[in-house]
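Please open the structure in your viewer and keep the selection tool at hand, since this tour moves from one selection to the next.

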Amino acid sequence: MRSVRTLRILGTRLEDIPALLAKSLPTRESQSNAFFVTLGWISAGAGALGLGLIAGRELRRRYKFKRRTPYDLYAHAGDYNSDVEFGVGI
């Protein structure tokens, strides 16, 4: 005996719900497909992140290079040989 009553939310009859649930359950093929789709999105995101880091670093280096001051030329003067002492020479 079929019920005349329908669910307001789903708009289906009570007897049709088990069949709809069985159709919506994931199968083994859709699970493996979902895994590869997720893996593809993760690898695309990682690639975009790496590309963004490389491009950002290069843009920052160019920005800093264009805004040098004359003092930047002498900032590390004498660092190559730090064990030499300058003094009277006694």
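## Starting at E58

Select E58, which at a relative accessible area of 34% is partly exposed, because that value falls between the 20% limit for buried and the 50% limit for exposed. Keep in mind throughout the tour that this is a predicted model.

With E58 still selected, add R61, whose side chain meets that of E58 in a salt bridge at 3.9 Å, N to O. Both E58 and R61 lie in helix α2, where they are three residues apart, or about one turn of the helix.

Next add R62, whose side chain also meets that of E58 in a salt bridge, here at 3.2 Å, N to O. R62 and E58 are four residues apart in helix α2, and so about one helical turn separates them. Side chains of opposite charge can pair when their charged atoms come close. Shown together, E58, R61 and R62 are linked in a network of salt bridges, and the count of salt bridges comes to two.

## Along to F65 and R68

Now select F65 and R68, and turn the view until you look onto the ring: R68 lies over the face of F65, at 3.9 Å from the ring centre.

## The aromatic pair and its patch

Move on to F35, which is found in helix α2, the helix made of residues 28-66. How many aromatic pairs does a search of the whole structure find? The search finds one, and it is formed by F35 and F36, which are arranged edge-to-face, with 5.5 Å centre to centre and 65° between the planes. F36 counts as exposed because its relative accessibility is 56%, and exposed means over 50%.

Add L39 to the selection and switch to a surface display, where F35, F36 and L39 make a nonpolar surface patch of about 340 Å².

## Stepping back

Finally, clear the selection and look at the whole protein, which has two helices and zero strands. Buried residues make up 1% of its 90 residues. The protein exposes about 9300 Å², and carbon and sulfur atoms supply 62% of that area.

Conventions: Residues numbered from 1 in each chain as written. Predicted model: local features only at pLDDT ≥ 70, side-chain atom pairs only at ≥ 80, totals over all residues. Heavy atoms only, no water. Patch = residues over 30% accessible without salt bridge, like charges linked within 9 Å, V, L, I, M, F, W, Y side chains within 5 Å. Areas by Shrake-Rupley, 256 points an atom, 1.4 Å probe, with all protein chains shown as cover. Salt bridge = Lys/Arg side-chain N within 4 Å of Asp/Glu carboxyl O. Buried < 20%, exposed > 50% of the residue type's maximum accessible area, 1.4 Å probe, protein only. Phe/Tyr/Trp six-rings, centres within 6.5 Å; stacked < 30°, edge-to-face > 60°. Lys NZ or Arg CZ within 6 Å of the ring centre and 35° of its normal.
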